[in-house]
Amino acid sequence: MLETGIIAPSFTLPDQDGKMHSLEDYKGKKVILYFYPKDNTPGCTKQACNFTERYPQILEKNAVVLGISKDSVASHKKFVDKYNLSFPLLSDPELKVILAYDVWKEKKNYGKSYMGVVRTTYLIDDNGMIVLSNDKVKAATDGDVMTGKL
């Protein structure tokens with residue numbers, strides 16, 4: 001996980017519709033950038049839906065939400081459409097941004113070790129600086145917590 005007080009790494013990735021998004025596109029706005037393991041899984045669905053519920057308040061605070069996983073554009077499209085999500089999900093199958101933000105880690109499940117995305121949320125200020133880093137995310141309430149931090 002990256003520490004607070006540093007400039008957030010730049011990136012450009014496609015969203016669920018194939019539209020490219022760069023961090024620089026959001027200069028002058030706060031960005032809630034969250035990394036999640038997989039579309040259509042219980043925790044990731046709760047997290048995305050919680051951000052969608054809070055999205056009007058997030059927009060009021062001159063902020064946006066961007067979700068990133070290694071899932072494909074097509075997978076993101078199905079996820080967004082199924083749950084009527086209000087914000088872009090960015091596809092990083094080559095792990096470039098996931099690695100740049102230091103969220104690709106060894107995980108354990110039922111005694112087996114594997115590499116995967118650790119659910120992590122960053123708050124980036126309107127100048128591109130990371131002002132909050134959280135890798136102890138509670139999926140069901142992440143949107144509530146982050147909205148309160150804006």
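The points below comment on a predicted model of one protein chain, from its overall build to single residues.

1. Overall build. The protein holds 4 helices and 9 strands. Their order along the sequence is β-β-β-α-β-α-β-α-β-β-β-β-α. The radius of gyration is 14 Å, close to the 15 Å given by the globule rule for 150 residues, so the protein is as compact as a globular protein of that length. The C-alpha trace spans about 45 × 35 × 30 Å along its principal axes.

2. Burial and contacts. Of the 150 residues in the protein, 47% are buried. Among contacts with a separation of 6 or more, 66% are between residues 24 or more positions apart. The accessible surface is about 7,500 Å², and carbon and sulfur atoms account for 53% of that surface.

3. Charges. The protein carries 21 positive and 19 negative charges, and the mean positions of the two sets are 6 Å apart. Side chains of opposite charge can pair when their charged atoms come close. The count of salt bridges here is 7. Points 4 to 7 take up examples.

4. D71 and K38. These two side chains form a salt bridge with an N to O distance of 3.7 Å. D71 sits in the loop between β4 (63-69) and α2 (73-83), and K38 in the loop between β3 (30-35) and α1 (42-60), so the pair ties together parts that are 33 residues apart in sequence. The partners fall into separate burial classes: D71 has a relative accessible area of 9%, under the 20% limit, and therefore counts as buried, while K38, at 45%, is partly exposed.

5. R54 and D144. In this salt bridge the closest N and O atoms are 2.5 Å apart. The pair links distant parts of the chain, with R54 in helix α1 and D144 in helix α4 (residues 142-149), 90 residues apart. R54 is partly exposed at 27% relative accessibility. D144 is also partly exposed, with a relative accessible area of 30%.

6. D135 and K136. A salt bridge joins the side chains of D135 and K136, at 3.8 Å from N to O. D135 is partly exposed at 30% relative accessibility. K136 is at 67%, and because the limit for exposed is over 50%, K136 counts as exposed.

7. A salt-bridge network. D17, K77 and D81 are linked in a network of salt bridges.

8. Positive phi values. Most residues other than glycine have a negative phi. N40 has a phi near 60 degrees, a positive value in a residue other than glycine. N40 lies in the loop between β3 and α1, and its relative accessibility of 35% makes it partly exposed. D102 is another case, with a positive phi of about 55 degrees although it is not a glycine. D102 is in the loop between α3 (96-100) and β6 (104-109) and is partly exposed at 30% relative accessibility. A reader checking backbone geometry will find these two residues in loops.

9. D126. This residue lies in the loop between β8 (120-124) and β9 (130-134). Its relative accessibility of 36% places D126 between the limits of 20% and 50%, so D126 counts as partly exposed. Leaving aside neighbours within four places in sequence, D126 is in contact with K27, G28, K29 and K30. The C-alpha atoms of D126 and K29 are 4.5 Å apart in space, although the two residues are 97 residues apart in sequence.

10. T52. This residue is in helix α1. T52 has a relative accessible area of 16%, which is under 20%, and so T52 is buried. Apart from neighbours within four places in sequence, its contacts are N84, L85, S86 and F87. T52 and L23 are 29 residues apart along the chain, and their C-alpha atoms are separated by 20 Å.

Methods: Residues are numbered from 1 along each chain as its sequence is written. This is a predicted model: local features need pLDDT of at least 70, side-chain atom pairs count only at pLDDT 80 or more; totals for chains, interfaces and linings use all residues. Side-chain values use heavy atoms; hydrogens and water are left out. Buried means under 20% relative accessible area, exposed over 50%, partly exposed in between (1.4 Å probe, protein chains only). Contact means heavy atoms within 4.5 Å. The radius of gyration is taken over C-alpha atoms; the globule rule is 2.2 Å times the number of residues to the power 0.38. Accessible areas come from the Shrake-Rupley method with a 1.4 Å probe; for residues, only the protein chains shown count as cover. Lys and Arg count as positive and Asp and Glu as negative; His and the chain ends are not counted. The place of a charge is taken as NZ of Lys, CZ of Arg, CG of Asp or CD of Glu.
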